[in-house]
Amino acid sequence: MNSLIGKNEISDTLADFFIQPNGATWANNIRSEALVAFNDFGVPTKRDEYWKYTNPQKLTMIPTEPAALFSNDEPPMFESIDRVKIVFVDGILDLSQSDDLILEGATIETLVDATSKDIHWAKDLFGSLEKNGQKPVKRPLAALNTAMAAEGLVIRITDKCKKPLAIRYIHNSETSDALVHNIIKIESNAQFTLLESGAGAARFNSVLEVDVADNADFHHVRTQGRDHERKTVTHIFGRLGKESIFKSFTMTVNGTLTRNDAVLEFTGDNARATVAGATAGDGESFHHDDTVFITHDAVNCESRQVFKKVLRNGATGVFQGKILVKADAQKTDGYQISQGLLLDDNSNFLAKPELEIYADDVACSHGSTVGAIDEDAIFYLVSRGVPRKQAQDMLVLAFLAEAIDEIDSNDLADDINDRLAAWMNRR
Amino acid sequence: MLKIENLQASVDDKSILKGLNLNVKSGEVHAIMGPNGSGKSTTSYVLAGKDGYNVTAGSAELNGENLLDMDPEERAAAGLFLAFQYPVEIPGVGNMTFLRTAVNAQRKARGEKELTAGKFLKIVREKAKSLKIDAEMLKRPVNVGFSGGEKKRNEILQMAMLEPKMCVLDETDSGLDVDAMKLVAEGVNALRDGKRSFLVITHYQRLLDHIKPDVVHIMANGKIIKTGGPELALEVEQNGYADILAEVA
């Protein structure tokens with residue numbers, strides 16, 4: 001059973017291309033239902049409203065375009081952090097490179113194991129947040145993932161975890177086409193930090209479903225790998241209970257096509273969520289899209305969307321962010337900022353901020369700007385003796401800082417900052 | 001120290017400097033006064049090398065080196081410092097990081113060893129203290145949320161840290177109340193060591209009560225029209241520029 005490498009024959013549809021994993025009846029049922037949904041939706045095309053700025057063709061074509069392996073000269077992310085490490089190679093769990101699946105305060109299982117058990121708590125979570133997240137906007141590639149992904153982790157957090165779990169996705173085959181589906185259930189008062197890094201595969205489709213119960217905290221820091229030719233589509237589906245915290249940050253550099261969807265729903269009062277991203281793109285082949293949908297369906301919740309993209313040499317950045325405030329979600333505080341910094345005239349930043357508000361006592365603000373580097377600031381720095389290139393790098397990092405600041409851990413934020421600083425000199 | 005001969009410059013094809021001559025010797029303080037639009041600030045930007053300020057004729061030398069051939073950062077490393085009339089706010093860049101980057105960039109350009117973090121911190125704290133700049137202000141992003149007085153004191157702090165040979169102060173008194181101006185002037189005076197030179201650009205004589213000039217120039221229509229001692233500044237204070245402009249015309 002291997003859903004990760006496509007069948008040898010060229011298939012007519014993406015659904016035929018993968019093999020549906022076979023597990024326990026409940027899992028098979030969820031997967032079959034997701035497959036029906038996917039077939040019903042069809043693959044996304046440029047005609048779909050939320051794919052207007054991003055051509056999904058590279059994410060849907062069969063087989064995938066190969067992606068050259070990227071020899072990396074920098075140490076892997078999160079190496080210096082005390083964590084439990086788990087490695088996937090081209091979307092397949094590699095236990096030989098991983099630590100034992102043991103983390104105090106957590107139970108960690110593989111998706112293969114969890115979905116083969118006749119009775120498992122994951123039955124109520126697997127695919128359910130993804131399914132909820134299909135309304136009102138269809139996300140076919142997430143449904144495909146639920147239907148076809150055999151690999152992933154099933155994690156239950158019962159306490160405050162002292163160490164983060166770090167998943168490293170290694171891209172090791174030029175033609176790998178991988179689906180990974182992770183499920184995390186964080187119980188009341190528990191805390192968990194997930195770190196993810198790496199390109200994962202030539203084409204990488206990941207879904208992360210996170211259920212954060214009352215008073216629980218979830219922290220997520222992700223970097224998507226420097227491979228220039230990778231194609232990536234990710235979906236994060238989050239449900240937030242009362243007084244919970246959900247914070248997700250993603251750093252993206254390079255890659256041919258990246259589409260990151262985050263779909264969050266507040267179901268309990270007084271919860272807080274942040275989705276943030278710092279992106280650096282270079283060259284016409286770079287296309288990066290953040291699409292966020294946050295639904296406020298509880299009282300006095302706060303959501304923040306903070307996205308910063310630095311683009312040069314014809315790179316394209318896209319942001320589509322929506323805040324939906326339902327009628328009963330009074331005292332909502334919604335904040336959304338998306339900014340593009342274009343280092344030349346050839347680069348593009350496309351933004352579609354949306355607010356849809358049915359409650360009358362809310363504070364929602366959004367801002368979207370695109371601009372060039374501030375020449376007055378450059379002159380100020382060079383007049384103090386800072387070389388022009390260094391001055392520009394300082395201003396680029398300063399621009400990205402607002403997104404990086406959303407990471408709670410200073411160590412992680414510093415690491416991300418250093419990676420971006422290094423990127424500017426060598427991509 | 002600073003030798004400017006027949007300097008002509010334009011902005012957007014509009015001629016602003018029309019044959020400026022100036023010779024500031026080592027250790028001297030020169031003041032340039034003049035009405036609005038006479039080219040005072042343009043002079044400072046041309047010397048510092050701002051884009052868009054095009055030199056069309058003449059020369060400017062710092063200790064015999066041709067300033068006009070250098071990039072702005074090279075001019076700074078050679079010892080030129082411009083205290084801005086309107087210091088730029090730079091969100092996201094910490095004041096301390098900025099200062100340290102600037103100091104070390106200049107040291108590197110001059111082939112000197114970079115300052116260690118500890119040594120730098122010690123020096124900056126000492127100099128900040130004398131300018132009444134508190135630790136909190138050093139941590140904030142460059143000039144962001146600073147009051148007018150804080151911005152100008154921050155300029156003087158940078159000057160003190162960078163130890164330039166030639167300081168150009170562009171209307172450093174603008175937007176300052178009397179107390180703030182005194183504090184800034186004290187900061188400048190503390191840097192007068194008999195070798196360092198200053199070019200103080202100002203509208204008003206007030207600042208020159210606190211920073212005593214050796215030579216005062218009156219600038220109008222892109223050139224120096226009159227040069228004298230400190231008494232010239234007093235004359236302007238009493239009678240305005242009209243008399244001098246009429247006298248020269």
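**Two sheets, two buried elements and one interface**

In chain B of this predicted model, 4 strands make up an open sheet whose order is β2-β1-β4-β5, with antiparallel pairing. The edges of that sheet are β2 (14-24) and β5 (65-66) of chain B, each of which pairs on one side only. Where β5(B) meets strand β4 (residues 53-62) of chain B, the two run antiparallel and are joined by 2 bridges, and within this pairing B:L62 has B:E65 of β5(B) as its bridge partner.

Chain A also holds an open sheet, here of 10 strands in the order β3-β4-β5-β7-β9-β11-β13-β15-β17-β19, and its pairing is mixed. Its edge strands, each paired on one side only, are β3 (102-103) and β19 (348-357) of chain A. At the β19(A) edge, strand β17 (residues 316-325) of chain A runs parallel to β19(A) and is joined to it by 10 bridges; A:F319 stands opposite A:A351 of β19(A).

Further along the order of strands in chain A comes β13(A), which spans residues 257-266. On one side, β13(A) pairs with β11(A) in the parallel sense over 10 bridges, and there A:K231 has A:L257 of β13(A) as its bridge partner. β13(A) also pairs with strand β15 (residues 287-296) of chain A, again in the parallel sense and over 10 bridges, with A:E265 opposite A:T295 of β15(A).

How many residues of strand β13 of chain A are buried? The count is 10 of the 10, and the strand is therefore largely enclosed by the rest of the structure. The burial extends to both faces of β13(A): A:L257, A:R259, A:D261, A:V263 and A:E265 are buried on one side, and A:T258, A:N260, A:A262, A:L264 and A:F266 are buried on the other. Among the residues already met, A:L257 and A:E265 thus belong to the one side of β13(A).

A helix also crosses this sheet: α6 (residues 140-148) of chain A lies across β7 (177-186), β9 (203-212) and β11 (231-240) of chain A, and runs at about 85° to β9(A).

Returning to chain B, its own helix α6(B) has 15 residues and reaches 21 Å from its first C-alpha to its last, close to the 21 Å expected at 1.5 Å a residue. Because 11 of its 15 residues are buried, α6(B) is largely enclosed by the rest of the structure. The buried residues of α6(B) are B:K152, B:R153, B:N154, B:E155, B:I156, B:L157, B:Q158, B:M159, B:A160, B:M161 and B:L162. Against which elements do the buried residues of α6(B) pack? Their partners in chain B are β6 (80-83), α3, α4 (117-130), β9 (166-170) and α7 (178-190). After α6(B) comes B:E163, whose phi is positive, near 45°.

The two chains meet in a contact that takes 21 residues from chain B and 18 residues from chain A. On the side of chain B that touches chain A, at least two residues each are supplied by α2 (72-78), β7 (90-94), α3 (95-109) and α6 (148-162) of chain B, and the largest share, 5 residues, comes from α3(B). By residue class, this side of chain B divides into 14 nonpolar, 4 polar and 3 charged residues. The helix α6(B) therefore appears in both settings, as an element largely enclosed by the rest of the structure and as one of the elements supplying at least two residues to the side of chain B that touches chain A.

How values were computed
Residues numbered from 1 in each chain as written. Chains lettered and ligands numbered in written order. Predicted model: local features only at pLDDT ≥ 70, side-chain atom pairs only at ≥ 80, totals over all residues. Contact = placed C-beta atoms within 7 Å. Nonpolar A, V, L, I, M, F, W, Y, C, P; charged D, E, K, R; others polar. Pairing = 2+ DSSP bridges. Axes fitted to C-alpha atoms, helices over the stretch in contact; angles between N-to-C directions. Buried ≥ 20, exposed ≤ 12 C-beta atoms within 10 Å, placed from the backbone. Expected span 1.5 Å × (residues − 1).
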